[in-house]
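Hi there,

Here is the structure I promised to pass on to you. Please open it beside this email, so that you can look up each residue as you read.

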Amino acid sequence: LVFGLGTIPLMTTAIWIGNFLSGKVRQHIKKAVPVFLAIIAIMFILRGLGLGIPYVSPKYGFDQIDSKYECHTITDSSKIKY
């Protein structure tokens, strides 16, 4: 409900601005939308692959994780159950 109410001003503004655009500008926007969507899709795929590309791939910072918070290692041998 809150998300829907939050998008009402933006969507109303987009419709209002769209009424003032000429047909030629609308055609340019219609041609540009698929190009931008393709670029965004490629960016998401590259980020998901984690190839280490600067400014594209996320930096996880795994080297900064403290070993006491590691979930797959046991730091205290007295906690091992046999």
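Below is what turned up, going from the helices to the segment that comes after them.

Please keep in mind that this is a predicted model.

Let's begin with helix α2, which covers residues 23–49. Does its length make sense? At 1.5 Å a residue, the 27 residues of α2 should span 39 Å, and the C-alpha atoms at its ends are 40 Å apart, so the two values agree. The helix also has a kink of about 25° at alanine 32, shortly before proline 34. After α2 comes glycine 50, which has a positive phi, near 60°.

Next, have a look at the surface. Trp16, Ile17, Phe20, Leu21, Val25, Ile29, Val33 and Leu37 make a nonpolar patch of about 770 Å². Helix α1 (2–20) and helix α2 each supply at least two residues of this patch. Which helix gives the most to it? That is α2, with four residues.

One member of the patch, Phe20, sits in helix α1. Phenylalanine 20 counts as exposed because its relative accessible area is 62%, and exposed means over 50%.

Finally, turn to the segment after α2, where you will find tyrosine 55. Is tyrosine 55 buried or exposed? With a relative accessible area of 86%, tyrosine 55 is exposed. Its backbone deserves a look too: tyrosine 55 has a positive phi of about 70°, although it is not a glycine.

Enjoy exploring, and write back with any questions!

Best wishes

Terms used. Residues are numbered from 1 along each chain as its sequence is written. This is a predicted model: local features need pLDDT of at least 70, side-chain atom pairs count only at pLDDT 80 or more; totals for chains, interfaces and linings use all residues. Side-chain values use heavy atoms; hydrogens and water are left out. The expected span of a helix is 1.5 Å times one less than its number of residues. The bend at a residue is the angle between axes fitted to the seven residues ending there and the seven starting there. Patches are made of residues with over 30% relative accessible area and no salt bridge: like charges are joined within 9 Å, nonpolar side chains (Val, Leu, Ile, Met, Phe, Trp, Tyr) within 5 Å. Accessible areas come from the Shrake-Rupley method with a 1.4 Å probe; for residues, only the protein chains shown count as cover. A salt bridge is a side-chain nitrogen of Lys or Arg within 4 Å of a carboxyl oxygen of Asp or Glu. Buried means under 20% relative accessible area, exposed over 50%, partly exposed in between (1.4 Å probe, protein chains only).
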